[in-house]
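Visitor: I have a structure on my screen and I'm not sure how to read it. Could you walk me through it?

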Amino acid sequence: MSFKSSTGKLYTLFSVCITSDESVRRRLLICEIMEMKEYRELKYIIGNQQFYSERLSECELERLSCEELNKLRVTLPDFLEAVSQTYYAVLYGNGWSFKSEDFPDIFSRDSVKNFLSKINLFDVYLNKTNITEKDFLSIFDDRTFKSNNPSDDIKARNDVKYCIKGEL
Amino acid sequence: MNSGISAEEDKKNIEKLIIETNEYENILSNALKPNELSIWESLEVNESYPIFSYDASFPDKSDYLKTGVMSGFMNKLMSGKIEEKYNDACLEYKIEKQRLLKEYIYNKVQFEKDKTERNVEADFLKYHYKNGEKTAVEKYADTVISCSQYPESLKIRYKTYYTRTEKKLTVNFLLPELNDLLTDRGILINNKDVLTETILKKIEKNFYERTLISIGIRTMYELFEAISSELVRKIAFNGYVPTNESAWENIDFSGHMRCIFSMESTREKFSDINLYTEEPLKIAESLNLLRVKNFSDPMQLIAPIKVQ
């Protein structure tokens, strides 16, 4: 479906009349991002997670400059792919190897592509994890216990989030 | 009756036609009931993908040792073979499980991707629909019409236009020509062996007009029921028929088709109508029906209700 909201249409009109106005350009970019299919899908997938409210919510977008918004618009499709694959990596891939510094920079396409290349879903496992689709970005949290040793005990880990490489 | 068709087949065809004819005659009474108009549910996916399961059990070493107890050299030789066999079975088990898990992940990814896309589109539509955005209201109206079950053989195409300022929805419907609707109906009527050609034609003409007008009334009813009164207060319906086959390919309601009837009603006026007891033609007349005299005459047409 492709349609613009009335707000989007209004700012499109403003931007033609007031070409140099930064706030109009910014508002138009925000409308554009929020109507992007990828942005809406990201909201659906991680809308309840801390990262979304801290970095991608409408309020947060309003804090960004035109340059940042432009970069975000370019990065979003790959970032959506990265986020989707992260969930499967936690359940069946190499999610147990992710560190906080692996989390991609949402303004850099290279950073997102680099992270995508680290995800391995070719070798599959049935990982032991208490992480769910509601909180899977916590895999990047250093407090989350991660291990590539399938014999690691999970019973002692009930109070923390964990992702342990599984066996077949 | 076709001489090449067996009596059994002929009987089946007639039974099928009777069922279909009844469906056509009940177009109005088969309109979706308010509780069946769960449009959002039809757009969303709520199912979850099943969890991975692999039924085969891991090879049990003791099963491989049950081949008998031997002593000395033979025992050593056989235990080496047994170990090898057991390891092969373990490897085979892992390879097969991995293959099935990969297949499972691939299918789950596709399922979740489709689910996300559909639910996001539904949310987006819902949000813009509630705000009365033109495209969203039109898309929603299209979904309502597409959810309505008509006889399988009925060929229809439609386009909806929403005017926010007037809270008006105009529906253009491309309907079948007489010949397309009644291809086999003559067989059924002929079977009764009591009808003259003139009476048959009259029955067909009435049936055709009644069907087309019923589709119009039913569409208006379902749209009034499904769309909030805050968004739509008036509905106009234009019934078109094709003037040639290419009309079905490019549905723009500008060429290759002629408008043969139109109706218009406010929500209040429509709420007085009893869909189940009143005759379709009588209902249509109360909805400002404008029509050509003969639906099948290619020279007759009226000006459709314009989209503002």
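Guide: Let's go through it feature by feature, from one chain to the cores. Keep in mind that this is a predicted model.

Visitor: Fine, let's start with chain A. How many helices and strands are there in chain A?

Guide: Chain A has 7 helices and 3 strands. Along the sequence, the pattern is α-α-α-α-α-α-α-β-β-β. Chain A has 168 residues, and 32% of them are buried. You can also look at which residues meet: of the contacts in chain A between residues at least 6 apart in sequence, 72% join residues at least 24 apart.

Visitor: Now the sheet in chain B. What should I know about sheets, and in what order do the strands run here?

Guide: The general idea is that strands of a sheet pair through backbone hydrogen bonds, either parallel or antiparallel. In chain B, 5 strands form an open sheet with mixed pairing, in the order S1-S2-S3-S4-S5. The edge strands are S1 (157-163) and S5 (290-291) of chain B, each of which pairs on one side only.

Visitor: Can we zoom in on one pair? In which sense do S2 and S3 of chain B pair, parallel or antiparallel?

Guide: Strand S2 (residues 168-174) and strand S3 (residues 234-242) of chain B pair in the parallel sense, over 7 bridges. For a spot to click on, try B:Thr170, which stands opposite B:Ala236 in S3(B).

Visitor: And which helix lies across S1 and S2 of chain B?

Guide: That's H5(B), which runs at about 145° to S1(B).

Visitor: Next, domains. What does the domain assignment of chain B give?

Guide: The assignment gives domain 1 (7-31 + 148-291) and domain 2 (33-141) of chain B. Where they meet, 11 residues of domain 1 of chain B are in contact with 9 residues of domain 2 of chain B. On the domain 1 side, the elements that give two or more residues are S1 and helix H8 (197-226) of chain B. H8(B) gives the most to that side, with 4 residues. By class, that side has 7 nonpolar, 1 polar and 3 charged residues.

Visitor: What about the two chains? How many residues of chain B are in contact with chain A?

Guide: As a general point, the size of an interface is often given as the accessible area lost when the parts come together. Here we can count residues instead: 19 residues of chain B are in contact with 13 residues of chain A. On the chain B side, helix H4 (72-130) and helix H5 (134-147) each give two or more residues. H4(B) gives the most, with 15 residues. By class, the chain B side has 7 nonpolar, 5 polar and 7 charged residues.

Visitor: Last one: the cores. Which residues touch the most other members of the largest nonpolar core?

Guide: In soluble globular proteins, nonpolar side chains tend to be buried together. The largest nonpolar core here has 50 residues, and B:Tyr140, B:Phe173, B:Met220, B:Leu223, B:Ile235 and B:Tyr240 touch the most other members. H8(B) gives the most to this core, with 10 residues.

Visitor: Why does this core lie between the domains of chain B?

Guide: Because domain 1 and domain 2 of chain B both give residues to this core. Take B:Tyr140: leaving out residues up to four places away in sequence, B:Tyr140 touches B:Ile39, B:Leu125, B:Tyr129 and B:Ile227. Apart from this core lies another, of 37 residues, with A:Ile46, A:Leu69, A:Val112 and A:Ile139 among them.

Methods: Residues numbered from 1 in each chain as written. Chains lettered and ligands numbered in written order. Predicted model: local features only at pLDDT ≥ 70, side-chain atom pairs only at ≥ 80, totals over all residues. Contact = placed C-beta atoms within 7 Å. Nonpolar A, V, L, I, M, F, W, Y, C, P; charged D, E, K, R; others polar. Pairing = 2+ DSSP bridges. Axes fitted to C-alpha atoms, helices over the stretch in contact; angles between N-to-C directions. Domains from an automatic or database assignment. Buried ≥ 20, exposed ≤ 12 C-beta atoms within 10 Å, placed from the backbone. Core = buried A, V, L, I, M, F, W, Y, C linked by C-beta atoms within 7 Å.
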